Amino acid sequence: MDVEELLQRVKSQDFYSRQVVHVEEIPAREAVYKEVPGGIHPSVRAALAKEGIERLYGHQADAIEQVRQGRNVVIVTSTASGKTLCYNIPVVETLVEDSLATMFFIYPTKALAQDQLRGLGKFQLPERGVEFLAGTYDGDTPQNLRRKLRDGANVILTNPDMLHQGILPQHARWNRVFTHLKYVVIDEVHAYRGVFGSHLANVLRRLARICRHYGSSPQFICSSATIANPKEHAERITGQPMELITNDGSPRGPKRFVLWNPPPLETAARGRSDSWRVGGDRRSPLWEAVHLMTNLVKGGVQTIAFVRTRLAAELIFKNCRDLLRPVSRRLARSVHAYRGGYLPEERRDIERRLVSKDILGVSSTNALELGIDIGSLDACILVGYPGTVASLWQQAGRAGRGQDESVVFLVAQNSPMDQYLMTYNGYIFAQSPEHAVVDPENPHVAVGHVRCAVHELPMSDREAQEAFGPYTQVILELLEEDGSVRHIENHWYWACSEYPAAEVNLRNIAGPVYTIQDEADGEKVIGTMDEMSALSQLHDHAVYLHGAETYFVEKLDLEQKIALVQRRDLDYYTQAVQTSQIRIDEVEEEGEWQGAQIGFGDVTVTTSIPMFKKIRFHSRDSLGFEKLELPPQELETVAMWFAPPESVVKQMMERKMVVSEGLIGIANVFVEVAPFFVMCDTRDVGTVVNSSCLNRDALFLHDRYPGGMGYARRCMERTDEIMHTIHAVIRECGCEDGCPSCVGSAVPSYAMRDLDSAVRGRIPDKAAALFLLDLMVGV
């Protein structure tokens, strides 16, 4: 594929209006091969040769050597670098020597586990003595196969949820597996961060207890995309010391990385060579992606487009097909969507058709970001910055497998984060990946796993001091008061009939979970939601979006923790109007930055929802407000804070500027740029501007989880970098009075229900925000 010719062809199309901001050329990389000391077992080498693999890359050889020496390893290399062989080879070699050996392979998704099972099956060579039983053990596994795997499998491919709920609590049935357990493989370990990662860390601590009970001590083998702290992160997840493998020996073809900024809607911007600097509303990134994919597919360029929501994937698929149908029905049929919610057999069919090139264009959520084998693609379109540098490079790695030239388009959304990347177009290529954050000792996370652990095996007093963090003893005493556990002769025992694993959702913090029931379908459960989210998204008369459908919330039952909904065709969505107050409970750290007071500590955030707003899809016009009567919610968490110096406040007041308005504008950008520095979603942190805590106007950034997850602390550590980035975002935006690209709030992903979504709403005082930062950061 000639990428230069392709780009010239795209620029000649009617929809092109100087969207290309920058083209980065990423050079090719030659393969680096290495021999494994002692060689590969002849039977395993024969299996590799059958797949056309004669030599191993440097990182594969090093990983295998470390595993053979009994060390735990984490392999951090690029997409499609062959990380799977780093653990499949030593695993199969072990099975050749010991037919009783067992292993757990843990994957973040069921689809990835199924895909990896097919790859592992290629090592089966009965004629050479390589014969073992492997299978996926998840919610889709039939009962008869479950028994077969439990009683005779060597390799169990599963996910954290099944390990947590279906295997560990039933460990007596799995005694054969635990007794002979040699390896625990954790694929895509970078995907386990925040709440999910903190839960997995506790699940693995429970696994370690059970292994000790059965006399085994398995090695851990982790694979990861590139993040800033892979060794530290893998050690926090597994609780084990790790060896780091980073010498990527895989080859890579040349790649062009195109930064593509949708043109402004204002007619005044048309024809300007610097139109990408103009603020205000822009053409929808979804519509830009449709044009790009349509043109690429017409040219026979196999393309994947990554989007943030299931609905966006369907919108791109539908509109590409509509545009291609008049050109060629064959081309129209060669475009498809791929997302969660499809039946497993549908997803397998799409994967096979991608490998065979029957499908030329696919729009996908991040379901295809992880290592599912779909062959080599020519082009990749990222619709919006995916949230982290690690995800960006993993998605971009889907194009250009092998030595062929490839192209990646990053299509910007109208948000501060994306527009910053368009302005500072070298940032992505110079930026180190973010730090993954987990907090396994968070008592709100640990409490559920302490209950599960005692249910699985009695816990000694000594173990209680070490197993699940510093709060374990206190948690056990509270559980004893509750009647869940009893303390007898220096041990804690489970003392009730409940099945505690069923009450712990690995993707939520412990607390009330609301059930969403469809009244029109026999009160069928269509989803669940934590309490904080339920009050803002499932209140009476809210619109709940599920599976690309709109549901009207008839009633939110606060006592029964149930939301009763009905499917309706609605042309609007709802947005809760929240007011938050914050109280500092304990100051842990205080300091100064550029004369401003900064600090970190425990806080209580009290949130009230007095009303909600109805907003029309497409235009986002306000359709009015409706009052609510909901109890205020208190969140005990952690926060960092920032209060401008008195000298800056004085100068702002002299110019009749409202300090709090400037801080609100800074806060809006803060939430958007925080993921540049810590691996979190914009929904993981919240902001409050308040003057009562410090007797002066201050900006608070808090974790939106009880007890905190470590996001606010990491942000405080990088205050200088973050504030400079916020300053650059606001300063470089070409708008005059503020817009969604800077101090305004960006359009939420769930509101993107059509190709022309724009954003309107109250915009804070840009001049005040910029004046404040100019004085502190410097122009």
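These legends describe close-up views of a predicted model.

**View 1. Seven strands form an open sheet with parallel pairing.**
The strand order is β4-β5-β3-β6-β7-β2-β8. Strands β4 (134–136) and β8 are the edge strands, and each pairs on one side only. From one strand to the next, the twist averages 15°. At the β4 edge, three bridges join β4 to β5 (residues 155–158), and the two strands run parallel. Look for Ala134 here: its bridge partner in β5 is Val155. Helix α10 (residues 230–238) lies across β2 (73–76), β6 (181–186), β7 (219–224) and β8. The helix runs at about 135° to β2.

**View 2. Three strands, β15, β17 and β16, form an open antiparallel sheet.**
The order is β15-β17-β16. Strands β15 (459–460) and β16 (485–488) stand at the edges. Each has a single partner strand, so one side of each is left without a neighbour in the sheet. Helix α18 (residues 443–456) packs on this sheet and touches β15, β16 and β17. The direction of α18 makes about 90° with that of β17. Two bridges join β15 to β17 (residues 491–494). One pair to find is Met459 with its bridge partner in β17, Trp492.

**View 3. Helices α3 and α4 cross at roughly 40°.**
Two packed helices are described by the angle between their axes and the distance between the axes. Helix α3 spans residues 58–68, and helix α4 spans residues 83–97. Their axes come within 8 Å. The two helices α3 and α4 are therefore oblique to each other. The crossing of α3 past α4 is right-handed. On the α3 side, the contact uses His59, Gln60, Ala63, Ile64, Val67 and Arg68. On the α4 side, it uses Leu85, Cys86, Ile89, Pro90 and Glu93. By class, this contact has seven nonpolar, two polar and two charged residues.

**View 4. Helix α4 is largely enclosed by the rest of the structure.**
How many of the 15 residues of α4 are buried? The count is 12. Among them are Lys83, Tyr87, Asn88, Val91, Val92, Thr94 and Leu95. Leu85, Cys86, Ile89, Pro90 and Glu93, which meet α3, are buried as well.

**View 5. Strand β9 is covered on both faces.**
In a regular strand the side chains alternate between the two faces of the sheet. Here, Lys255, Phe257 and Leu259 lie on one side of β9. Arg256, Val258 and Trp260 lie on the other. Six of the six residues of β9 (residues 255–260) are buried. Strand β9 pairs with β1 (residues 20–26) in the antiparallel sense, over six bridges. Strand β9 also pairs with β14 (residues 406–411), in the parallel sense and over six bridges. Arg256 helps to locate both pairings. Glu25 stands opposite Arg256, and Arg256 stands opposite Val407 in β14.

**View 6. Helix α15 is mostly covered.**
Seven of the eight residues of α15 (residues 389–396) are buried. Which residues are they? They are Val389, Ala390, Ser391, Leu392, Gln394, Gln395 and Ala396. What covers them includes strands β9, β10 (303–306), β13 (379–383) and β14. Helix α17 (427–430) is also part of the cover.

**View 7. Pro251 sits in the loop between β8 (243–245) and β9.**
Is Pro251 buried or partly exposed? Pro251 is partly exposed, with a relative accessible area of 25%. Ala31 is 220 residues away from Pro251 along the chain, but the C-alpha atoms of the two are separated by 4.2 Å. Setting aside neighbours within four places in sequence, Pro251 is in contact with Arg29, Glu30, Ala31, Tyr57 and Gln403.

**View 8. Two loops hold residues with a positive phi, Lys656 and Asn695.**
Most residues other than glycine have a negative phi. Lys656 is not a glycine, yet its phi is about 60°. The residue lies in the loop between α22 (646–654) and α23 (659–673). Lys656 is exposed, with a relative accessible area of 72%. Asn695 is not a glycine either, and its phi is also about 60°. Asn695 is in the loop between β27 (685–690) and β28 (698–703). At 73% relative accessibility, Asn695 counts as exposed.

Key: Residues are numbered from 1 along each chain as its sequence is written. This is a predicted model: local features need pLDDT of at least 70, side-chain atom pairs count only at pLDDT 80 or more; totals for chains, interfaces and linings use all residues. Side-chain values use heavy atoms; hydrogens and water are left out. Two strands pair if DSSP finds at least two bridges between them. Helices (H or I, at least four residues) and strands (E, at least two) are DSSP runs, numbered from the N terminus. Contact means heavy atoms within 4.5 Å. Axes are lines fitted to C-alpha atoms, for helices over the stretch in contact, and angles run from 0 to 180 degrees between N-to-C directions. Angles under 35 degrees count as roughly parallel, over 145 as roughly antiparallel, 65 to 115 as roughly perpendicular and the rest as oblique. A crossing is left-handed if the near helix is turned anticlockwise from the far one by less than a right angle, and right-handed if clockwise. Ala, Val, Leu, Ile, Met, Phe, Trp, Tyr, Cys and Pro count as nonpolar, Asp, Glu, Lys and Arg as charged, and the others, Gly among them, as polar. Buried means under 20% relative accessible area, exposed over 50%, partly exposed in between (1.4 Å probe, protein chains only).
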